[in-house]
Amino acid sequence: MSLKSRITEDMKAAMRAKDAPRLGAIRLLQAAIKQREVDERIELDDTQVIEAIEKMLKQRRDSISQYEAANRHDLADVEKFEVAVLQSYLPQPLTEAEIVELLDKAIADTGASGVKDMGKVVAAVKPQVVGRADMGKVSGLIKARLGG
């Protein structure tokens with residue numbers, strides 16, 4: 001079952017269960033997916049759906065920090081719930097050891113010798129970690145491994 005199909009089935013289940021908060025979060029996700037499909041005139045595959053979910057997660061995390069800074073915990077709690085719903089559609093996250101193993105293999109495969117080769121390593125690793133690791137963290141690990 002594709003990720004889009006799973007999201008649709010979960011939306012139907014939330015409607016049947018009258019779970020309004022979950023239904024709202026899933027509808028936001030479906031709207032984001034549909035918007036991207038219309039804008040780019042394509043049918044999103046699972047990888048592209050994961051990218052859309054990651055973008056939404058980043059937006060939610062930014063909102064949470066702003067709401068908490070403004071002492072609006074009620075709104076932060078809503079965003080936290082949406083984060084939990086969105087994360088349920090992501091694949092199992094990689095452990096740091098798994099990430100390091102992938103990085104070492106990519107560095108060896110690309111022949112990277114310094115920070116100047118960071119782009120090559122990122123390009124080699126990104127398809128393997130998309131949706132399973134924070135790319136900011138991965139970039140930091142790559143830089144540290146390349147002596148940056």
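Glu-82 touches Ala-25, Leu-28 and Arg-60, leaving out residues up to four places away in sequence; contact means heavy atoms within 4.5 Å. This is a predicted model, in which local features need pLDDT of at least 70 and side-chain atom pairs count only at pLDDT 80 or more, while totals for chains, interfaces and linings use all residues. Residues are numbered from 1 along each chain as its sequence is written, and side-chain values use heavy atoms, with hydrogens and water left out.

**Overall make-up**

The protein has 7 helices and 0 strands. Helices (H or I, at least four residues) and strands (E, at least two) are DSSP runs, numbered from the N terminus. The C-alpha trace spans about 55 × 40 × 30 Å along its principal axes. Of the 148 residues, 32% count as buried. Buried means under 20% relative accessible area, exposed means over 50%, and partly exposed lies in between (1.4 Å probe, protein chains only). Among contacts between residues at least 6 apart in sequence, 61% join residues at least 24 apart.

**Three charged residues**

Charged residues here are Asp, Glu, Lys and Arg; Ala, Val, Leu, Ile, Met, Phe, Trp, Tyr, Cys and Pro count as nonpolar, and the others, Gly among them, as polar. The table lists three residues with their relative accessible areas.

| Residue | Helix | Relative accessible area | Class |
|---|---|---|---|
| Glu-82 | H4 (residues 73-87) | 11% | buried |
| Arg-60 | H3 | 10% | buried |
| Glu-51 | H3 | 33% | partly exposed |

Apart from its neighbours within four places in sequence, Arg-60 is in contact with Leu-28, Glu-79, Glu-82, Val-83 and Leu-86. With the same kind of neighbours set aside, Glu-51 is in contact with Arg-36 and Val-130. From C-alpha to C-alpha, Glu-51 and Ser-63 are 19 Å apart in space, and they are 12 residues apart in sequence.

**Helix H1 and its contact with H3**

What length should H1 have at 1.5 Å a residue? The 14 residues of H1 should span 20 Å, and its end C-alpha atoms are 20 Å apart, which agrees. The expected span is 1.5 Å times one less than the number of residues.

The buried residues of H1 are Leu-3, Ile-7, Met-11 and Ala-14. They cover an arc of only 85° around the axis, so they are on the same side of H1. The arc is that of the directions from the helix axis to the C-beta atoms. An α-helix has 3.6 residues a turn, so residues three or four places apart point the same way. The cover over the buried residues of H1 includes helix H2 (20-40) and H3.

The axes of H1 (residues 3-16) and H3 (residues 46-69) come within 8 Å and cross at roughly 55°. That makes H1 oblique to H3. Angles under 35 degrees count as roughly parallel, over 145 as roughly antiparallel, 65 to 115 as roughly perpendicular and the rest as oblique. Axes are lines fitted to C-alpha atoms, for helices over the stretch in contact, and angles run from 0 to 180 degrees between N-to-C directions. In this contact, Leu-3, Lys-4 and Ile-7 of H1 meet Asp-46, Val-49, Ile-50 and Ile-53 of H3. These residues divide into 5 nonpolar, no polar and 2 charged.

**Helix H7**

In H7 (residues 135-145), Val-138, Leu-141 and Ile-142 are buried. They cover an arc of only 100° around the axis, which puts them on the same side of H7. Helix H5 (96-110) and helix H6 (118-129) are among what covers them. Just after H7, Gly-147 takes a positive phi of about 80°.
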